[in-house]
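Colleague: Before I use this model, I would like the reasons behind its labels. Can we go through them one at a time?

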Amino acid sequence: MSPLTSLLLTPFLGALLIAIVPGNYRVVHRALALFTGLLMLLQALVIFAGFQGGGTGLQFEQFAEWIPSVGLNYHVGVDGLNVGLVLMAAIVSFAAICAAWEVERQVKLFYLLLLLTTGGAIGAFISLDLFFLYFFNELALVPTFLMIGIWGRGEQRNYATFQITLYLTLGALVALTGLIALYVTSGVNTLDVVALKAVLAEKPLAESAQKLIFPLLLLGFGTLVGLWPFHSWAAPGYAAAPTPTAMMHAGVLKKVGLYVLIRVAWPFMPVGVQEWLPALALLCLGNILYCGWVAMRQRDLALLLGNSSLAHMGFCFLGLASLSVVGITGVVLIMAAHGLLAALSFALNGYLHTRCGTTDMDKLGGLLRQMPFIGTAIVMAFMAGCGLPGFANFPGELSVMFGAWKTLPWFVVAAAWGGLVIGGVYMLRAIRAVVHGPAKADFNHVGDANYWRRLPFLVLLAALIWFGIRPDSLATSIQPVVAEIVKSAAPTQPTPAPAAVAATH
Amino acid sequence: MPALTDLLFYGFAGLALLFGFLCVANPLSRNPVTSAMFLVLTICSLAGLFVLLNAFFLAAVQVLVYAGAVMVLFLFVIMLLDLKEEERRKLNKVALGAGTVAVAVIAGILIRAVTSAKPAADKLVEGTTKPLGRILFTEYLLPFEILSLLLLVAMVGVILLSKKELK
Amino acid sequence: MSLTPGLHHFLVVSALLFSLGLLGVLARRNLLVIYMGLELMLNAANLALVAFSRFNANLNGQVMVFFIITVAAAEVAVGLALIVALYRKRQSAHVEDLTSLKL
Amino acid sequence: MDVHAAHNAVTAAAPAFSSRPEDIAWFILLLPLLAAAGITLIVRRSNFLAATFSIAATVTAFVLSFVLFLMFGVGDAAAVTSPFAWLHAGELAVNLGVTVDKLSTLMLLVVTGVSALVQVYSVGYMHGDRSFPRFFIGLSLFTFSMLGIVLADNFVMMFLFWELVGVSSWLLIGFWYEKESAADAAKKAFLTNRLGDFGFLLGIIIIWAAAGTVNFAELSQKLGAHPDLLGSLASVAGLLVFMGAMGKSAQFPLHVWLPDAMEGPTPVSALIHAATMVAAGVYMLCRVFFLYQVETAWPAALAFFGSISALDIIGGIGAFTALLAALMAIQQNDIKRILAYSTLSQLGYMVMAVGCGGPDAAMYHLTTHAGFKALLFLGAGSVIHACHHEQDIWKMGGLRKLMPKTFLTFALGTAALAGLPPLSGFYSKDAVLLAALDNGHPVLFGLGVLIAAMTTFYMLRLVLVAFLGSGRSEAAGHAHESPGAMTWPLVILAVPSVMLAWVPLGDYLTHHFFTDHGHVHGHGSEVISFGATISAAFGLVNHILFEPFNHAPLPAFLGTGALIIGAWIAVTLYWNAERDPLPKLLGSFARGMRNRFYFDEIYEAIFIPLHDLVARLADWFDRWVVGGLAVRGAHGSTELLGRALRIVQSGNLQTYTFFFVAGVALVVLIALK
């Protein structure tokens, strides 16, 4: 059995165990969930460490035929593209399980749903079969709707729940239509990504079909990521979600959409990509600039973080639109980095919410005095959020901007403005409002996190800093895979050597 | 010269329709007891029609079950509920009109459909107890047993529903 | 269509009887009378089935009627029990008073 | 450039990591980081250990820097690097490496030296602060980031540390974060720097896109071989990179953060705003000076610039900043703000020197300035400490007798800043003026002389008001000399303020910048080894001291003349003055100077609201058009339809039956058709 399969089974087994234990053994549920999370983290670390970077081949692959009549198989494996994402998902899951300590009501059900989400996310990242890709994504999404609805907070909870459910379900539906259309028009009876890739390399889809299917996938999965203007579910949804859910959703589930786009849409539909690239470039500005500006105006920390996370997704779309090895490598780097960062930010936001009772920035202030650890973590997280070097986001955003310059120079200017200036403005304002300023007496009773509660923050921070200092530990694995994707996505357009560019000037 | 059976058919059919009409839309009385009584009469007329169709067993069952058991139930309930109110209520003219129209339409459609169909071969079959029992206990054994179960369930349900406190 | 009663004649009677039952269901307000209308409609169907059975020379239709009568009996029992229960709760057996399905 | 080749080079270099002497630079770089980490993780609760860790690390770094300086700075060893793979994605290859050459070793000495002294000083100044260890964490982090800039061998690494300097300065300026003004000042500093970084990053991207590398050595080589490599964006790229310097070195129009940043503790002001962070911009310009030696080229949209080069614009901005800041400094009353504007002005001077094509002069002035400005700031801190955090010079006075050590060192620093021969400031200022004159910028030269006079004027005003005369407040009357931890750094810093120029520093720098290109100023063309320097130093004292007057008399004499005029006006106006006579003399112009010519107000009134307005519009759009019209509209119309259909749901059984029957009738009709 591949270690990937055991990693995938772990959360489901954990959920099963939790389901068996009666509802009033709260401690047992927590311990089981935590143990499951730890086990996943360790397995993911082993997989990441055992991964041989530098090639394009799949590793830890496992294949089992299931329904041959429709070409549906259980096929898992990692290459450079998803190995880092699997690790990120495991880290975030572990942190989310730790952060779920704050849940007081219906603990058993919550852990059950959380572990389902976790398993779904891991499954979506490692599956190499269109059906399972979609299935696991939905398996992860549906429990989040329930969690927001049942354990959510704030007056807008119901509205937000409905909004996020409808948006994401519709998005998934559009994406499903695209995937089915892809399956049907490919004409080969297989849902296997690897097999499809081989077939489509020989016999590409008809151009008209590509031009129709590509936008379905782009908009469908784009909605799951929060592509402008299908983004308005995100900020209120995250504000209403319980902390672990927000962490999982903003951190991991959002990335699944991007991952599928890179894995399926880009390499399989080069003509579609070319056709829709300008539109995508424009939309990503909506994310980077517009959502950044919106974030500047927010007075609620959760809404600010939600919009900021949308702005980061804009960088991913810009990198995708750049269609360059540098840019798309940057996208994958951002995906891993932003997963950690979003989880960290929402964990902190949740901590503030449970302890201070509010995330309204006008009411908070001076918290660095009362809670030095949390305050420092907030500073670090928000600094990472505005692209500070040393944290994992920086190399990703840097690569995206470098990669996009040749084809989309003005977009890069806008992105740099959005990332450096707008991002700096709202993050600094948030830091100023939340942790700086005179300490407020209201929060005198509010304690700093104890050693146990620090665990999720420390885990996430450590990962963020590690990938910030050693981006190559991801990039060397990502790059060959991305190079292959770019080659198949833009076969007519060989990336010019720098010398050639210089000569044309 | 029409045969006696033909006359009997027209007689029973006319009676059935007349009593049916009086059961649901008696212009003289809106008392449910009256309706129930006319329903008994309609059913008896139908039993007559069944006899004309050689379904002797069913005719007997019809009278026994409907006119006997079901109608007694109806009457019991009517007595139990003591429904005097019906008389005081105003007749909803609009509803009556709409209902009549709808019914007329349905009736028209049905009759047109029936009369436009091809007539079937006129063969004879005896609906006596013996062949009916044979087929019932061979070919239709399983449905028959299921039906008994249904009756049991209905019985349990009724007992539960009729208990004083509904929880 | 000849005057000698054939299948058509029985079916027409059945259709008319059915319509009368429907009229009762639609126009009357008393739950019990509505129920009687329903019984009428069932009987109309029975008549049609028996007629089919007679003119098609097999007993399947009659078996079906037998089942229908049994089910109808059960249905009447349950339905009347429901009406009684409802009356206990609402002090009315009048459809106009039973509008709790309305949003 | 070929990625694999670079990668191979990296792996090839890796085994040799510990065996090469230049790898000492890595230790220098990492020592302060280790100190910061050590304090954070281990000794966070102990003031004494925190200070010890931090100071020990910085002093060790200083000693190692000195070793490195002897090995690579003195003598003619080539610049060497040991790359360490950081990010490889497609054609983008970034290796972290260190540059060890004359320029960086000198700067290493400056940074570690000043940092070490500031840290020692802080032990006294910050005594009793509840966040004492945090302060040293911040200082160590800052030193680390600054050393990163100094040692960076490529643009991306420089940008990386550039940002880190920004954030560590934010930490330090906002050290007293509970004070609203300090927190705001930190935010402002960071954001203003971010604006500069925006341009810097774009500049780096343009250069990479055209040249295919971000490595300084490779870039320099490529640009040397093909001066037109950057194409039509050459000058734009240069200016964009300069934008980074504009932010860090607080050049107009991004100068507004620096005076506000005085909200930080005074040692921070000394470290950040005298010797390191603000110098980073100038250092960077010098490091990438090859970028400005390419052919001037503008894209079609900017063709109206014609033959004006990026350097000309840089020089102009530098001179303008210098003049503006000097004017502002004249009417400030806060002792730290005077020094802040003075720093601004001197930075403008350095940038002007770079713009005039004299990076050697700029670096020269940077080095000497680091010494005496740190001295002045620390002296000011000593005064503030003594006067119980009183910063208004008009409430001081008569401190000369109460704080003799501080006064003496402060006066020396003032003299050096004013450019009194033979103190260090005179020589570096002379080099700047000479660079302007030699490279054909007479206007800038004239401005430089004017600013020199103004510098003398406002510095003397400060000294006369604060130290001489009689005490004007109780705090000033009860002032007492600061503890040894604070005065000793002053004394130590006074040494380079006086004598730095007595070693042939100018020639050293000139040698670095211009030997490659074969045109050499002055007499320092011969290779100087360390031993020779020592022996020559004494022999050449006479020669060096009077060299400016002999070699290029015009700037030397004019500079000295400016000094005398400035001093004369200052003494006339402020000797024993009780109130400032200037507002009366100059009227509204003085008010303008005092209010910094309303730049902050203009920014606050125009640019910030403009950006906020866009944000407000976006938010409005999001709330009402996307969130309202689109989302709520879709949901609202669905709900409206639901309400309409709800009318059908009357709850009446018979109505339902009616519809049911109608439906059946329809179906039957259709089925029978």
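**Contacts, shape and backbone**

Modeller: In this model, 65 residues of chain C are in contact with 74 residues of chain B. The model is predicted, so local features need pLDDT of at least 70 and side-chain atom pairs count only at pLDDT 80 or more, while totals for chains, interfaces and linings use all residues. Residues are numbered from 1 along each chain as its sequence is written, and chains are lettered from A and ligands numbered from 1 in the order in which they are written.

Colleague: What makes two residues count as in contact?

Modeller: Their C-beta atoms, placed from the backbone, must lie within 7 Å.

Colleague: Which elements of chain C supply at least two residues of the side that touches chain B?

Modeller: They are α1 (7–27), α2 (31–56) and α3 (60–90) of chain C. The most comes from α3(C), with 20 residues. Helices here are DSSP runs of H or I with at least four residues, strands are runs of E with at least two, and both are numbered from the N terminus.

Colleague: How does the side of chain C that touches chain B divide by residue class?

Modeller: Into 45 nonpolar, 16 polar and four charged residues. Nonpolar means Ala, Val, Leu, Ile, Met, Phe, Trp, Tyr, Cys and Pro; charged means Asp, Glu, Lys and Arg; the others, Gly among them, are polar.

Colleague: How many helices and strands does chain C have?

Modeller: Chain C has three helices and zero strands, and its elements run α-α-α from the N terminus on.

Colleague: Why is chain C called more spread out than a compact globule?

Modeller: The radius of gyration of chain C is 17 Å, and the globule rule gives 13 Å for 103 residues; 17 Å is well over that, so chain C is more spread out than a compact globule. The radius is taken over C-alpha atoms, and the rule is 2.2 Å times the number of residues to the power 0.38. Along the principal axes, the C-alpha atoms of chain C fill a box of roughly 50 × 25 × 20 Å.

Colleague: What share of the residues of chain C count as buried?

Modeller: Of its 103 residues, 59% do. A residue is buried if 20 or more other C-beta atoms lie within 10 Å of its own, exposed if 12 or fewer, and partly exposed in between, with C-beta atoms placed from the backbone.

Colleague: Why is A:Gln106 called partly exposed?

Modeller: A:Gln106 has 13 C-beta neighbours inside 10 Å, and partly exposed is the class between 12 or fewer and 20 or more. A:Gln106 lies in the loop between α3 (80–99) and α4 (107–126) of chain A. Its phi is positive, about 45°, although A:Gln106 is not a glycine.

Colleague: How do you know whether A:Leu323 is buried or exposed?

Modeller: A:Leu323 has 25 other C-beta atoms within 10 Å, so A:Leu323 is buried. This residue, in the loop between α12 (301–322) and α13 of chain A, has a positive phi near 60° and is not a glycine.

Colleague: Which peptide bond in chain D is cis?

Modeller: The bond from D:Phe252 to D:Pro253 is cis, with omega near 5°. D:Pro253 is in the loop between α9 (234–248) and α10 (257–260) of chain D. In chain A, a cis peptide bond with omega about 0° joins A:Trp228 and A:Pro229.
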